[in-house]
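Here are my notes on the model, as numbered points. Please read them with the coordinates open.

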Amino acid sequence: VSLHDALPICVAVPFPESLCHRCEHLRTVTSGKGSTFLMCREPHLPKYPPQPVKACQGFTPAGNVPTG
């Protein structure tokens with residue numbers, strides 16, 4: 001086992017306070033230059049909403065995120 005395999009990867013997420021990170025509609029997109037974008041897969045909402053999102057009519061809690 002190499003050191004690279006043994007250590008967790010810590011990647012800074014853009015706008016960590018954004019509601020998007022707790023939503024099932026989130027898809028993170030990384031550009032060829034390494035920039036990360038938050039894309040919304042809810043068809044009735046903007047694909048790339050202005051960040052940080054504080055409230056959203058399409059918010060659906062992600063299944064793997066603890067609530068309350």
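1. The largest pocket of this predicted model holds about 190 Å³ of space. Its lining comprises 15 residues, and those closest to the pocket centre are Cys20, Cys40, Pro49, Val53 and Cys56. By residue class, the lining splits into 13 nonpolar and two polar residues, with no charged ones.

2. Two of the residues closest to the centre of that pocket, Cys20 and Cys40, come up again in the matter of cysteine pairing. How many disulfides does a search of the whole structure find? The search returns zero. A disulfide would be a covalent bond between the sulfur atoms of two cysteines, and the cut-off applied here is 2.5 Å between the sulfurs.

3. For Cys20, the closest cysteine sulfur is that of Cys40, at 6.7 Å, so the distance is too great for a bond. For Cys23, the closest cysteine sulfur also belongs to Cys40. That separation is 6.2 Å, and Cys23 is therefore left without a bond to Cys40 because the sulfurs are too far apart.

4. Are Cys20 and Cys23 buried or exposed? Cys20 has a relative accessible area of 14% and is buried. Cys23 is buried as well, at 12% relative accessibility. Both values fall under the 20% limit that defines a buried residue.

5. Where is His25 placed? His25 sits in the loop that runs between helix H1 (3–6) and strand S1 (26–30). Although in a loop, His25 is buried, its relative accessible area being 13%. With neighbours within four places in sequence left aside, the contacts of His25 are Met39, Cys40, Arg41, Glu42, Gly58 and Thr60. Cys40 thus links this point to the earlier ones: Cys40 is in contact with His25, and its sulfur is the closest cysteine sulfur to that of Cys20 and to that of Cys23.

6. As for the overall architecture, the protein has one helix and two strands, in the order α-β-β from the N terminus on. Of the contacts with a separation of 6 or more, 42% join residues 24 or more positions apart.

7. On burial and surface: the protein has 68 residues, and 22% of them are buried. Cys20, Cys23 and His25 are among the buried ones. The exposed area of the protein is about 5,400 Å², with carbon and sulfur atoms supplying 59% of that area.

Technical notes: Residues are numbered from 1 along each chain as its sequence is written. This is a predicted model: local features need pLDDT of at least 70, side-chain atom pairs count only at pLDDT 80 or more; totals for chains, interfaces and linings use all residues. Side-chain values use heavy atoms; hydrogens and water are left out. Buried means under 20% relative accessible area, exposed over 50%, partly exposed in between (1.4 Å probe, protein chains only). On a 1 Å grid over the protein atoms alone, a cavity is a set of points where a 1.4 Å probe fits but cannot get out, and a pocket is an open set with protein on both sides within 12 Å along at least five of seven lines; lining residues have an atom within 4 Å of a point. Grid points are joined across faces, edges and corners, and a volume is the space filled by probe spheres set on the points. Ala, Val, Leu, Ile, Met, Phe, Trp, Tyr, Cys and Pro count as nonpolar, Asp, Glu, Lys and Arg as charged, and the others, Gly among them, as polar. Helices (H or I, at least four residues) and strands (E, at least two) are DSSP runs, numbered from the N terminus. Contact means heavy atoms within 4.5 Å. Accessible areas come from the Shrake-Rupley method with a 1.4 Å probe; for residues, only the protein chains shown count as cover.
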